[in-house]
Amino acid sequence: MASGHGETSSECEGEEQEDSSSSHSNNVLEACNTLDNLSLQDNVQNTNHGEDELSVFRQQWQRELESTPTTQKGSKLEESFAEPLTDEDKAKQLFLRGVEFERGGKLYEAIQHYKRAIQIVPDVETRLYEGSELRGDTPEDSEVEEVVCADKAPPSEDEDEEVVEGEELLARLQRILARRGLLCEPKLPTVSAHISWLPYEVLLVVLRWVVSSELDAGALEAAAGVCRGWYVAAREPDLWRSICVRTWGIECGTPRANGWSSWRDMYIARPRLRLNGCYISKTTYLRHGENSFQDQFYRPWYLIYYYRYLRFFPEGVVLMWTTAEEPVTCVGLLKNRHVKSGSGIMMGHYRLIGQKVVIVIKKTSEKKQVMASNTRFRARRKELEHEQTFHLELELCDVRSRRNFQLQWRHHSVRARLDQWTQFELAPGRYPPFAFSRVRTYTAESHAPLLPTHAYT
């Protein structure tokens, strides 16, 4: 019985242990479930809180956009992004972006944008200006333009149409300009300085630089075609008087005494040398050759040709060159008065007497060393210089409507030794006339202005 009681007690204890362990595991599971529920609740609360903050930020950003006014540039950009861009629109955007970089001082980036824009559309800048996208819109510029436009009085058609019978063009233009009170005016509204702002005396100084010390009267005539005011200024008598005195000297006389109405008419009608080019003469002849060694019946003929060049300067200096080179390669070497030694170009002086041009040129050959005749003084050397003097007389002639276009030979002689002159026979084939050829590079630059008349006295 005792043993049975023990067995039952042990069984009860085992059941109690099993009950206690199962209850403990149930408690652990319940605790884990509660913790999981708490974490899920925290996550849900956090997500709800984040969504609330995001919605509040979106509402606030939308209110700011609605309260801020959209600019015209923003609307343009929106339209450009909304619609597909063409090549022209892309080029314009790149060019405008380059303008912004240039204004900000970023020149490298600006150049890159300009290059890309020009690669797409080469004339993008012209199209932008035609569309008035690069024109200044600042109020200061517009006010200045309005002031400039307001100061200018529009020309009246009555003055232009008013013509007096028998009145010369110069007198008519002087009368119109005196009535207006303006020498010239800009054709389009301008903000920068215009040449019409210069006084009349300063404009005359500018025209003296146009004529220059080389007496380029053709440039003065071209300047007279700019406008009415320049036409009147280019007909200033003092300008043409200085040109005439520079051409013929202080004793050239007056236009009235010689039968001309003005200094300009005197300069045009009176014989004078042309200075904006050079006179060229081409000589061609046949020369017999020697018999061939192998064929005694064959005798060659040679066609010989060479050129003579004459270049005149206002101060009485003349350059002469005899060479077989073509004019294309030679006229540029006669531009300056000072020539290189050994080039073959000879310098002399000329004088104009009526229609006759008298030229005197001295040519000095290089020094040569000659042995002494006495053998006792062999160490001594004698240096000899051979000097030649050329005397030419030419006559100015007109060819059709071209004044002073040709120079005819009248005399040619050479002195090789003292008082020994050699005069050449002026055969038409050997001495053809000189013809004038204009060279634009001679008057392309102006180094000094035309001096007033009193400077030559």
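The following exercises, each with a worked solution, concern a predicted model of a protein.

Residues are numbered from 1 along each chain as its sequence is written. In this predicted model local features need pLDDT of at least 70, side-chain atom pairs count only at pLDDT 80 or more, totals for chains, interfaces and linings use all residues, and side-chain values use heavy atoms, with hydrogens and water left out.

**Exercise 1. Overall composition**

Task: State how many helices and strands the protein has, and what share of its residues is buried.

Solution. Begin with the secondary structure: the protein contains 15 helices and 11 strands. Helices (H or I, at least four residues) and strands (E, at least two) are DSSP runs, numbered from the N terminus. Next, take the accessibility: of the 457 residues, 26% are buried. Buried means under 20% relative accessible area, exposed over 50%, and partly exposed in between (1.4 Å probe, protein chains only). Finally, consider contacts (heavy atoms within 4.5 Å). Of those between residues at least 6 apart in sequence, 54% join residues at least 24 apart.

**Exercise 2. The α3 and α4 pair**

Task: Determine how the axes of helices α3 and α4 are arranged, and which residues make the contact.

Solution. First, locate the helices: α3 spans residues 87-103 and α4 spans residues 107-120. Their axes come within 8 Å and cross at roughly 165°. Such axes are lines fitted to C-alpha atoms, for helices over the stretch in contact, and angles run from 0 to 180 degrees between N-to-C directions. The crossing angle therefore makes α3 roughly antiparallel to α4, a term for angles over 145 degrees. The crossing is left-handed, meaning that the near helix is turned anticlockwise from the far one by less than a right angle.

Then list the participants. On α3 they include Leu94, Phe95, Val99 and Phe101, and on α4 they include Leu107, His113, Tyr114 and Ile120. By class, the contact has 10 nonpolar, 2 polar and 6 charged residues. Here Ala, Val, Leu, Ile, Met, Phe, Trp, Tyr, Cys and Pro count as nonpolar, Asp, Glu, Lys and Arg as charged, and the others, Gly among them, as polar.

Gln93 also lies in α3 and is partly exposed, with a relative accessible area of 25%. Its C-alpha is 8.1 Å from that of Ala117, although the two residues are 24 apart in sequence.

**Exercise 3. Two positive phi angles**

Task: Give the phi of Ser212 and of Leu215, and decide whether each is buried or exposed.

Solution. Ser212 is not a glycine, yet its phi is positive, about 65°. Leu215, likewise a residue other than glycine, has a positive phi near 60°. Ser212 is placed in the loop between α9 (200-211) and α10 (217-223), and Leu215 is in the loop between α9 and α10. Ser212 counts as buried at 4% relative accessibility, and Leu215 is buried at 6%.

**Exercise 4. The surroundings of Arg235 and Trp263**

Task: Identify the contacts of Arg235 and of Trp263.

Solution. Arg235 sits in the loop between α11 (228-234) and α12 (237-248), and with 15% relative accessibility it counts as buried. Beyond neighbours within four places in sequence, Arg235 contacts Leu170, Glu221, Ala224, Trp240 and Arg264.

Trp263 belongs to helix α14 (residues 263-269) and counts as buried at 16%. Excluding residues up to four places away, Trp263 touches Pro237, Trp240, Arg241, Cys244, Cys252, Gly253, Thr254 and Pro255. Trp240 thus appears in the list for Arg235 and in that for Trp263.

Key
Parallel < 35°, antiparallel > 145°, perpendicular 65-115°, else oblique.
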